[in-house]
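Biologist: I should like to go through this model one question at a time. Please show the sequence and the structure before we begin.

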Amino acid sequence: MTFNTITNSIKSKIENIQKADQKKNLKIKDITLIPEFEKLLTMDDSVVNAMTESMKAEGFKPGHELHIWTHDGKYILIDGHTRRHCAIKAGLTSVPCIIHHFENLEEAKKFAIREQTDRRNLSGEALLQAVANFNFEKGKGNAGDEKGKASEIIGKQLGVSSKTVEKARVVLKEASEEQKEAIRKEELSVNQVYNQIRGKASAEKAEASQPKLSAKEKAFIDGIRYAISQINSGICIKDLYHQTTDNFDYSKMTSSLKDVDFEKIIAEPETPSVPEEV
């Protein structure tokens, strides 16, 4: 065995040892926070309170170590922001950590998101937060050299379908603040808001495809609709005539049409069934 072979073998073993994940207690003040990981998923107040009380009573439980990325001489927190926050509130000064060695930020972020999504079923808000943190350039999804459709790559990392990822993207881009707030409060799901957005878009497209009416044509149609609604409500023809000729208020008429269900009015009445002769 040559000297170079021995040297390369020792160097390889040292590199493998350095790359292996290691458990280590770190002082909280020595752990660095960066926005790329702080913003991945938000803290839940109820979880923070319960976890803080647990740490005060029992300390930091084994198996819940923080995940740290050693980079540029710093201990960067990539997963465990809620646990770190609770440890500080509980009065702890050091915490158990697992030290990782990643090649780049994307690799570290991929690991952090996978850790978080493995531990919980993603709520609508958490899904939007996770998808918002990915790079949707062609063939990428914070997935290193992995090639393919971004939504499929990201779906694999989050444990959801590519269709779910695509719907989340639409909601992130097009949902109103009221719709996003409904998702945060779990009053609506991401899928429900997506359907609202697409339903509105379809309605607007259908409306845009209709021929434009002149003001006179629109007024004529509104008049017919108003007459139908009034006759359906029981007004006689004579009263309707005077109503539309004596001091007629066009704006009041059009306003009243908003609450009329014409589909119900013009629906065919059900034919009563005739009992069979005995």
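Biologist: Is Arg198 buried, partly exposed or exposed, and at what relative accessibility?

Modeller: This is a predicted model, and the class follows from two cut-offs: buried is under 20% relative accessible area and exposed is over 50%. Arg198 falls in between, so the residue counts as partly exposed, at a relative accessibility of 32%.

Biologist: Which side chain does Arg198 meet in a salt bridge?

Modeller: The N to O distance of the pair is 3.5 Å, and the limit for a salt bridge is 4 Å. Arg198 lies in helix H10 (residues 190-209) and its partner in helix H8 (residues 162-174), so the pair ties together parts that are 24 residues apart in sequence. The partner is partly exposed, at 43% relative accessibility. The side chain that Arg198 meets is that of Glu174.

Biologist: Which residues are joined with Glu181 into one network of salt bridges?

Modeller: Glu181 and Arg184 meet in a salt bridge at 3.0 Å, N to O. Because they are three residues apart in helix H9 (residues 177-184), about one helical turn separates them. Salt bridges with shared partners join Glu181 into one network with Arg184 and Lys185.

Biologist: What is the order of the strands in the open sheet?

Modeller: The edge strands, which pair on one side only, are E1 (22-27) and E2 (31-32). Strand E1 runs antiparallel to E5, joined by six bridges, while E3 and E5 pair in the parallel sense over four bridges. At the other edge, E2 pairs with E4 (residues 74-79) in the parallel sense over two bridges. The order of the five strands is E1-E5-E3-E4-E2.

Biologist: Which helix packs on the sheet, touching E3, E4 and E5?

Modeller: The strands touched are E3 (66-71), E4 and E5 (94-100). The direction of the helix makes about 110 degrees with that of E4. The helix, residues 81-89, is H4.

Biologist: In E5, which residue is the bridge partner of Leu66?

Modeller: Strand E5 is mostly covered, with five of its seven residues buried. The partner of Leu66 is buried too, with a relative accessible area of 1%. That bridge partner is Cys97.

Biologist: How many disulfides does the count come to?

Modeller: A disulfide is a covalent bond between the sulfur atoms of two cysteines. The rule requires a pair of cysteine sulfur atoms within 2.5 Å. Cys86 is buried, with a relative accessible area of 0%, and Cys97 is buried at 1%. By this rule the number of disulfides is zero.

How values were computed
Residues numbered from 1 in each chain as written. Predicted model: local features only at pLDDT ≥ 70, side-chain atom pairs only at ≥ 80, totals over all residues. Heavy atoms only, no water. Pairing = 2+ DSSP bridges. Contact = heavy atoms within 4.5 Å. Axes fitted to C-alpha atoms, helices over the stretch in contact; angles between N-to-C directions. Buried < 20%, exposed > 50% of the residue type's maximum accessible area, 1.4 Å probe, protein only.
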